[in-house]
Amino acid sequence: MQIDFKHRLSAHCESGVSSNLLFHYGVDISEAMAFGIGAGLFFGYLPFIRINHLPLTTFRCEVGGILKRLTRKLGVKMHIEKFRNPEKAMAALDRSLESGIPVGCRTGAYWLPYFPSAFRFHFNMHNLVVYGKEGDDYLISDPVFPETQRCAREDLAKSRFAQGALAPKGTMYYLTHVPEDIDLRGPICKGIKAVCRRMLNVPGPIIGVRGIRFLAGQVEKWPRKLGKRKASLYLGQLVRMQEELGTGGAGFRFMYAAFLQEAAGILNEKRLLDLSAKMTLVGDLWRSFAVIGARNCKSRATESDSSAAMADILRDCARKESEIYQELLTVVKTVRNGY
Amino acid sequence: MLKRYAMDIKEKLKHILIETLNLEGFTPEQIQNDDLLFGDKFGLDSIDAVEIVFQVEHHFGVKIRDMKEGRPALQSINTLAAFIEARRLP
């Protein structure tokens, strides 16, 4: 049994799944637009949450947040369910598929056999769409792969019930109502506002632009505080979170820039084009940080690839991002007054 | 001419990978154009992908910002050279 589901490649799993699920029901919005309306952009350095025994740094909002905000802002209704029992979770998935409903699942990427081994590590926030079943195999639209995949029942169940931090607990979701006419202008403005407020105004030192500055201080201290080996493990985790898992800091900044570019057209607001270009440059900065980080992890660092150099780049990112969010808030305020 | 240009990119890429990723023990001749860059042969992982993206921009002026494009491009020397060629030619 196979649902006629259009598989489209994405840069990031949750925004890709969101965009693809909506497309299935006739709402054609890009991945970047889904990410922007869903207010996916974020920064948090969360040392008390450990992934592979190393502190978590996140460049995107909480798991499921993009889809939740996107559907709410567009007036789309979604059913979401968690399970304790893998058998019950798989049975619920089967029932939905039999009813012709494509189902989003949250999974642990490590247990998905089609992930290449070089890119596989424990990451419990990976989203995909199951759109059919043939024998014991499920048909998977995993948006970070160019082609659709197959996954044996046992592997999918294991992946849906992966253990560890942010365990998916069998989470599955599907859309139950999609409005016929959707005006994107209001949701775009609300999405921008949510990101700006979070990046500028959340109290405490570890979230938003303050969090980026805090991380800069930590990166500078790590070699002295933790020793070379452990510092390089911390950096490795950071670079992986930034550049690979779901595309990370630089990738999310590039995606947000693409969203602002699209939003400029929809809202007829040229200032957003300028801010889009600035956000792209910030993405480039994040990437130069990652390059130095990667060199340090792999013992390829030269004299100029120091912790101080990385910290300086992070402080520059914080300063530039702060300016962008402040300008965005001004733009959104005037745009919203216009209609 | 186009073929020669593509060949130059592949050769240059092999030298860059060996020099910047410390692929000790490899010569350009030992890197086949369709070898998986992130397979067992070279021992490269996602962190090395960051350096490759940087080197591609540095040496060829081609930016890989969208990983939707980047992931397929980073499969092998062939795919990376094709990506660079497509982005560099008008």
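Chain A of this predicted model has 339 residues, for which a compact globule would have a radius of gyration near 20 Å; the value for the chain is 20 Å, so the two agree. Taken along the principal axes, the box filled by the C-alpha atoms of chain A is roughly 60 × 55 × 30 Å. The chain contains 11 helices and 8 strands. Of its 339 residues, 49% are buried. Contacts that reach far along the sequence are well represented: among those between residues at least 6 apart, 70% join residues at least 24 apart.

Chain A is divided into two parts, domain 1 (13-37 + 77-177) and domain 2 (185-337). Their C-alpha centres lie 28 Å apart. Where the domains meet, 9 residues of domain 1 of chain A are in contact with 12 residues of domain 2 of chain A. On the domain 1 side of this meeting, H2(A) gives the most, with 5 residues. By class, that side has 7 nonpolar and 2 polar residues, and no charged ones.

The interior may be considered next. In soluble globular proteins, nonpolar side chains tend to be buried together. The largest nonpolar core here holds 124 residues, and the members that touch the most others are Val130(A), Met255(A), Tyr256(A), Phe259(A) and Leu314(A). Domain 1 and domain 2 of chain A each contribute at least three residues to this core. Val130(A) illustrates how such a residue is surrounded. Leaving out residues up to four places away in sequence, Val130(A) touches Leu93(A), Leu97(A), Val103(A), Cys105(A), Tyr138(A), Leu139(A) and Ile140(A).

Two helices show how individual elements are covered. Helix H1 of chain A runs over residues 13-24, and its 12 residues should span 16 Å at 1.5 Å a residue; the end C-alpha atoms are 16 Å apart, so expectation and model agree. H1(A) is mostly covered, with 11 of its 12 residues buried. Among these buried residues are Cys13(A), Glu14(A), Val17(A), Asn20(A), Leu21(A), Leu22(A) and His24(A). The cover over them includes two helices, H2 (31-37) and H3 (65-74), together with strands E4 (103-107), E5 (126-134), E6 (137-141) and E8 (172-177) of chain A. Just after H1(A) comes Gly26(A), with a positive phi of about 90°.

Helix H3(A), which is part of the cover over H1(A), is itself mostly covered, since 7 of its 10 residues are buried under the threshold of 20 or more other C-beta atoms within 10 Å. The buried positions are Ile66(A), Leu67(A), Arg69(A), Leu70(A), Thr71(A), Lys73(A) and Leu74(A). These residues pack against H1, H2, strand E3 (77-81) and helix H6 (185-201) of chain A. After H3(A) follows Gly75(A), whose phi is positive, near 75°.

Two further positions are neither buried nor fully exposed. Pro113(A) lies in the loop between E4 and E5 of chain A. A residue is buried with 20 or more other C-beta atoms within 10 Å and exposed with 12 or fewer; Pro113(A) has 14 and is therefore partly exposed. Apart from neighbours within four places in sequence, Pro113(A) is in contact with Cys151(A) and Asp155(A). Pro113(A) and Ser159(A) are 46 residues apart in sequence, and their C-alpha atoms are 9.5 Å apart in space.

Ala152(A) belongs to strand E7 (residues 149-152) of chain A. Ala152(A) counts as partly exposed because it has 13 C-beta neighbours inside 10 Å. Not counting residues up to four places away in sequence, Ala152(A) touches Asp136(A) and Asp137(A). From Ala152(A) to Asp274(A) the separation is 122 residues in sequence and 47 Å in space, C-alpha to C-alpha.

Finally, chain A meets a second chain. The contact takes 23 residues from chain A and 17 residues from chain B. On the chain A side, helix H8 (228-243), helix H9 (248-267) and helix H10 (271-297) each supply at least two residues. H10(A) gives the most to this side, with 6 residues. By class, the side of chain A that touches chain B has 12 nonpolar, 5 polar and 6 charged residues.

How values were computed:
Residues numbered from 1 in each chain as written. Chains lettered and ligands numbered in written order. Predicted model: local features only at pLDDT ≥ 70, side-chain atom pairs only at ≥ 80, totals over all residues. Helix = DSSP H or I, 4+ residues; strand = E, 2+ residues; numbered from the N terminus. Rg over C-alpha atoms; globule rule 2.2 N^0.38 Å. Contact = placed C-beta atoms within 7 Å. Core = buried A, V, L, I, M, F, W, Y, C linked by C-beta atoms within 7 Å. Domains from an automatic or database assignment. Expected span 1.5 Å × (residues − 1). Nonpolar A, V, L, I, M, F, W, Y, C, P; charged D, E, K, R; others polar.
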